[in-house]
Amino acid sequence: MHDGNLKRKNFSYSSETSFPNWFHMRAILPFALSICFCLFSCLNKSERRFPVDLVLELRNAKAKMAITEDLLPYHWKKNPGRQSRLPLSRKWENTQITFNTDKEIFLNHSLDSLFFPPGQEYEFKILKGQYEFSSLIGLLGGTEFQSQVSGRFKIYSGETVLKEWDLSGSIKERWNPKKDILEIGESGSLRLVWESVDSYLFVGEPLLYPKNEGFSGNSESGKPKSVILIVIDSARKDFFGSYGYPYSVTPVMDKIAMESVFFENPFANGNWTKPSMMSFFHSEYSSNLGLGNSWFSTKPYQRKVYYGKNRDNLAKTFREAGYFTQTIMNNVFFLDYTTVGLDLGFHNSFQVGMDIVDTEVLTNQAIQFVAEYKEKPYFLHFNLNTPHASYSPPPEDMAVVRSVVPTDVFYRYESPVQRYLGEMHYTDREIGRLVEALKKQGTYDETMIIVTGDHGELFSPHHDYSYHFIMQTRFGHGETHYDEEINVPYFIKLPKSVLGGLESEKAEKASGGQIRIPGQSSLLSLAPTILGFLDLLPKESTYKGVDYSSCIRITSDCPKENFIYTEGRMSESVRTENYKYIRRYPGFTTVRRTSAGEPHTMAEELYDLKKDPEEKNNLSPLAEGENLLQIARADFRRENFLKRNHLRILIPPCSESLCRDFLSLNVQGSIYDWEVSNSVQMNSGSAKTISLQKESTVSVANQGEELVFKTVNPELGANFSFSRNGKTIPVRFGRYGLEYQRSMNQLEDLIVSERQPQGFSTSPFPWVYNDGAFSGTRESEVQREMGKEVKKILETWGYIHE
């Protein structure tokens, strides 16, 4: 990453930006003081151009009462304090709150909010000046069936009342917009006060836009003022004219593609929505975020891992750079309260749950949004579910498809594919309405627009073994890793000011402004590339993908993504330009041939993409594929795409002339893979169980053998038994090496040790521990001190073997 891509992350004012102590040190030369003062003034001048996000400033604010618990447990609220990074003692002062505002279309409208129980006040330190205050506010009663809500919401600067809203007679669970101009005085004090007897106020997306200098969304260097990420659910690349489809089913998006950075062969990193979208929003694989890939629900231990680590994502980075962040979608994976998704930190999440009728509602909302925010920088995630099954396009769109696709071609497609084409045209038409709105208001040229899909869709008859278990048909996604299911569109329309400023041979030679990126690429690059073009990549970001903006800017050849990794339900694949290698987790290797049946085992698949681009001939069981299979397996293990907890087991050295060892293991987190020597015979009966046998003779070196089992999920527990020459012997567990003649059930934290226990390698008994390498096992200071006391007690009892 070069320095041109670096930018500080938070531009809003807080008490931490006040003059540093060294400013007043007498040892500093007067001219140095003048320079520092000038730099500081310029910095504040720049910062005042961006909105002050009161949620992000909450940690530095004074609260009249600290809120440590959920005071309204009957209602949907999630992620207390996570966006504001409040301490646990104040965590419920900030929360994601969801109002079900339209039960006809299942409209769930979530805002990142300040929480005001009756009598609550917050006082912020804000630079003197004039601001536009912008927020959506809503009320709930203290009890679920409280019929009336009321109160007064007041805003002060010092002791002066700047604004007062009487909310008596308000409707519960409704978001109401509030905007006004506020004049912050010399004191720099902004105080928000809620006066009520029995009603609870939520102030969503509270922002202060500076007015003093004529706020503008464009910086002096011509950076764009808005970004729209359009995600089309189930969008196959090969039905776009820009990707070679000969019939004009997607004319609007094809026109955008002609003036874009155009990725010729892009792939998703998940074959269904959850792992794919989470990966490209974070530029990290879903399982490495703690979320897994196997099913819809997000388990509590997965949330613990995800929220327990500092994660960058597009919404968070744009928000901290001063952009208003909005998602308009029908995708529950961005809403934590559903137990399916997560809160990524959007200011505003507008989610429609009703299928078929949702598309027009979402587009109308997007058009309304871009009109309202046309003078302010924003990041809009616009997600349309239209091409997704059940494939129910409007008749007028089917009529257009019939008119542009020749009859003989149209009827070669099966009925679901015909309707899918209609859905694609409908999607294109709705995106056209949004594009037309941008053009009419004069913001299209300076708006960055990204178009992509979260995954493709399986249509080919020769892949029908996948028989989709949800839709009860082979049409769908999430079951295979063939190109048609993961090959998606991906192009970025740059604002003219950015495109014109590239001074790049690519830009000069591009026809109609299109810059083509050849070869395979992945959506892991989406976040760093977008942010790279805008100079918004955080200096120490967690984004893992390729920043293609760098190579485009400096006219060098772009880096090659030699290995593209994709996750599926208990499966994974690696794609190179030469081969596709597909692997299923142990215990999940049985797949179906057709809807009628005949299960068969396919632990691996291998395709030579040069000779077999349609992936019809699985080489993995064939002698002719043996050499390529060994290469693919070696590549897969070397690249080590996923971080996993490791269950580490010691088989003690043999002290007899011959030792016949038998081990059985049941892993709570399921088994992903293992590392064992050739002398060990493995047998895996299911996703959670393994048995193994080993024969050895007396060990001169007196060293045991370590076996490593990687787990799918970061759950820690395991059951374990060991016998040598038919005799069951004790097993030692975890950091302390506690001995048990029989395996304990649900060992949980006792089995964890963040380092190899002392004496592990020379133990005369089997020893098992979970290194917590992925989920994390760092102890707090309190836990560490308590552990020392526990260890002393166990030592006196004779249980400790370290």
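Where along the chain does Y391 lie? In this predicted model, Y391 sits in the loop between strand 17 (378–384) and helix 7 (395–404). That residue is a good way in, and from there we can turn to the salt bridges, of which a search of the whole structure finds 46. R319 in helix 5 gets a section of its own at the end.

**Positive phi outside glycine**

- Some background helps here: most residues other than glycine have a negative phi.
- Y391 is not a glycine, yet its phi is positive, at about 55 degrees.
- With a relative accessibility of 4%, Y391 counts as buried, because the cut-off for that label is under 20% relative accessible area.
- F106 also carries a positive phi of about 55 degrees without being a glycine.
- You will find F106 in the loop between strand 4 (94–102) and strand 5 (107–116).
- Is F106 buried or partly exposed? F106 is partly exposed, its relative accessible area being 42%.

**R85 and E320**

- A salt bridge joins R85 to E320, and their closest N and O atoms are 3.1 Å apart.
- R85 belongs to the loop between strand 3 (77–78) and strand 4, while E320 belongs to helix 5 (residues 314–320), so this pair ties together parts that are 235 residues apart in sequence.
- R85 counts as partly exposed at 40% relative accessibility, whereas E320 is buried with a relative accessible area of 8%.
- Which residues are linked with R85 and E320 in a network of salt bridges? They are D312 and K316.

**K163 and D180**

- The side chains of K163 and D180 form a salt bridge, with an N to O distance of 3.1 Å.
- K163 is in strand 9 (residues 160–166) and D180 in strand 10 (residues 176–184), so to speak two distant parts of the chain, 17 residues apart, that the pair links.
- Both ends count as partly exposed: K163 has a relative accessibility of 24%, and D180 has one of 25%.

**D112 and R319**

- D112 and R319 meet through their side chains in a salt bridge of 2.8 Å, N to O.
- This pair links distant parts of the chain, with D112 in strand 5 and R319 in helix 5, 207 residues apart.
- Are D112 and R319 buried or exposed? Both D112 and R319 are buried.

**Around R319**

- R319 has a place in helix 5 and counts as buried at 5% relative accessibility.
- What does R319 touch, leaving aside its neighbours within four places in sequence? R319 is in contact with D53, V55, L56, Q83, D112, T325, G345, F346 and H347.
- One of these contacts, L56, is 263 residues from R319 in sequence, and the two C-alpha atoms are 9.4 Å apart in space.
- The side chain of R319 makes a polar contact of 2.8 Å with the side chain of D53.
- A polar contact of 3.3 Å joins the side chain of R319 to that of H347.
- Taken together, the side chain of R319 has D112 as a salt-bridge partner, D53 as a polar contact and H347 as another polar contact.

Methods:
Residues are numbered from 1 along each chain as its sequence is written. This is a predicted model: local features need pLDDT of at least 70, side-chain atom pairs count only at pLDDT 80 or more; totals for chains, interfaces and linings use all residues. Side-chain values use heavy atoms; hydrogens and water are left out. Helices (H or I, at least four residues) and strands (E, at least two) are DSSP runs, numbered from the N terminus. Buried means under 20% relative accessible area, exposed over 50%, partly exposed in between (1.4 Å probe, protein chains only). A salt bridge is a side-chain nitrogen of Lys or Arg within 4 Å of a carboxyl oxygen of Asp or Glu. Contact means heavy atoms within 4.5 Å. A polar contact is a pair of N or O atoms within 3.5 Å; within protein, one must be able to donate a hydrogen and the other to accept it, and residues adjacent in sequence count only if both atoms are side-chain atoms.
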